[in-house]
Amino acid sequence: MNVRTAAEAAAQETSGAGGPLSVFEWLGTHFIGLFEESGKQFTDLVTGILPTLIVLLTAMYALTNAIGEERVTRAVRWSARWRITRYTVMPIVSVLMLTNPICFSFGRFLPERYKPAFYDSTVSFVHPVTTFFPYANASELFVWLGVASGVQQLGVSTVPLAMRYLLVGIGVILLRGLVTEIITQIMIKRTGRTEEFRRFDEEFGNAPATGLAGGH
């Protein structure tokens, strides 16, 4: 009994004094612990995802240069012609080639009436794209990592989940693009700007084609 009492007293002395002082001791310990955990997370990023991001980004830039600016521009302008490709192919190519947030600049290849829908579609793809192409939106990679963390803890491959996440994302951007385009058309009519947007369409049709560095 005496031995146990002595051990408890020693443990209490080791843990620090009671009362208000123990509160400051707890705050100090956890304050340092916060930065220690942050350092561990930073080390995991440097040795884990960061090299992957750099390699993917370099590979995509190399692919873009190999394909050529003019071909990429023609592909984007081609995809802008039809609704389905305008809100699937065009946002996907924009995000992969230019990454977030420069990807929205591809909207210059569209008439004014389609730009809101293109933006809505593209901005909705910057998270699903991180499953296989994290470089495209590296600053918000935590969204996908949060979704996949439960699967990783179970020791199961995240590839099937990533594929579903990406495919659902493509379906969502198509739906959002179509709905926003319809809403935009309704708002144009309600606000009496039909003639104004018709003039915008004519100006867009008469404007010379521009490359990736140009604008409309």
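The following exchange asks how several descriptions of this predicted model are reached.

Reader: What makes up the secondary structure of the protein, and in which pattern does it run along the sequence?

Author: The protein has 10 helices and 0 strands, and read along the sequence it follows the pattern α-α-α-α-α-α-α-α-α-α. Buried residues account for 28% of its 216 residues, and its accessible surface comes to about 13700 Å², with 66% of that belonging to carbon and sulfur atoms.

Reader: How do you know what share of the contacts joins residues at least 24 apart?

Author: The count takes contacts between residues at least 6 apart in sequence, and 68% of these join residues at least 24 apart; a contact here requires heavy atoms within 4.5 Å.

Reader: Which residues form the largest nonpolar core, and what makes such a set a core?

Author: The largest nonpolar core has 12 residues, namely Val-72, Val-76, Ala-80, Tyr-87, Met-90, Met-97, Phe-106, Phe-109, Leu-110, Tyr-114, Ala-117 and Phe-118. The set is called a core because its members are buried residues of the listed nonpolar kinds, joined through side-chain atoms within 4.5 Å. At least two residues of this core come from each of α4 (69-79), α6 (89-98) and α7 (115-123). Apart from it lies another core, of 10 residues, including Val-129, Ala-136, Leu-166 and Ile-173.

Reader: Which residues does Tyr-114 contact, once its neighbours within four places in sequence are left aside?

Author: With those neighbours left aside, Tyr-114 is in contact with Arg-86, Tyr-87, Glu-181 and Gln-185.

Reader: How are α4 and α6 placed relative to each other, and why is that term used?

Author: The axes of α4 and α6 come within 8 Å and cross at roughly 150°. Angles over 145 degrees count as roughly antiparallel, and therefore α4 is described as roughly antiparallel to α6. The crossing in which α4 passes α6 is left-handed. On the α4 side the meeting involves Val-72, Val-76 and Ser-79, and on the α6 side Val-89, Met-90, Val-93 and Met-97. Within α6, the buried residues are Met-90, Pro-91, Ser-94, Val-95, Leu-96 and Met-97.

Reader: Which term describes α8 relative to α9, and why is it used?

Author: The axes of α8 (142-153) and α9 (residues 159-190) come within 10 Å and cross at roughly 140°. That angle lies neither over 145 degrees nor between 65 and 115 nor under 35, so it falls among the rest and α8 is called oblique to α9. Their crossing is right-handed, and the contact is made by Val-143, Trp-144, Val-147, Ala-148 and Val-151 of α8 together with Leu-161, Ala-162 and Tyr-165 of α9.

Reader: What makes the backbone at Thr-99 worth a remark, and is Thr-99 buried or exposed?

Author: Phi of Thr-99 is near 65°, a positive value in a residue other than glycine. Thr-99 follows α6 and is found in the loop between α6 and α7. Its relative accessible area is 12%, and because buried means under 20%, Thr-99 counts as buried.

Reader: Why is the peptide bond from Asn-100 to Pro-101 singled out?

Author: The peptide bond from Asn-100 to Pro-101 is cis, with omega near 10°, and Pro-101 has its place in the loop between α6 and α7.

Reader: How do you know whether Arg-108 is buried or exposed?

Author: Arg-108, in the loop between α6 and α7, has 9% relative accessibility, which is under the 20% cut-off, and so it counts as buried. The C-alpha atoms of Arg-108 and Phe-204, which are 96 residues apart along the chain, are separated by 9.5 Å.

Reader: Why do Pro-128 and Ala-138 receive the terms they do?

Author: Both belong to the loop between α7 and α8. Pro-128 has 7% relative accessibility, and as this is under 20% it counts as buried. Ala-138 has a relative accessible area of 35%, which lies between 20% and 50%, and therefore it is called partly exposed.

Reader: What lies around Pro-128 and Ala-138 in space?

Author: Pro-128 and Arg-164 are 36 residues apart in sequence and 9.4 Å apart in space, C-alpha to C-alpha. Leaving aside neighbours within four places in sequence, Pro-128 is in contact with Tyr-165, Leu-166 and Gly-169. For Ala-138, the C-alpha separation from His-127, 11 residues apart along the chain, is 9.5 Å.

Notes
Residues numbered from 1 in each chain as written. Predicted model: local features only at pLDDT ≥ 70, side-chain atom pairs only at ≥ 80, totals over all residues. Heavy atoms only, no water. Helix = DSSP H or I, 4+ residues; strand = E, 2+ residues; numbered from the N terminus. Buried < 20%, exposed > 50% of the residue type's maximum accessible area, 1.4 Å probe, protein only. Areas by Shrake-Rupley, 256 points an atom, 1.4 Å probe, with all protein chains shown as cover. Axes fitted to C-alpha atoms, helices over the stretch in contact; angles between N-to-C directions. Left-handed = near helix turned anticlockwise from the far one by under 90°.
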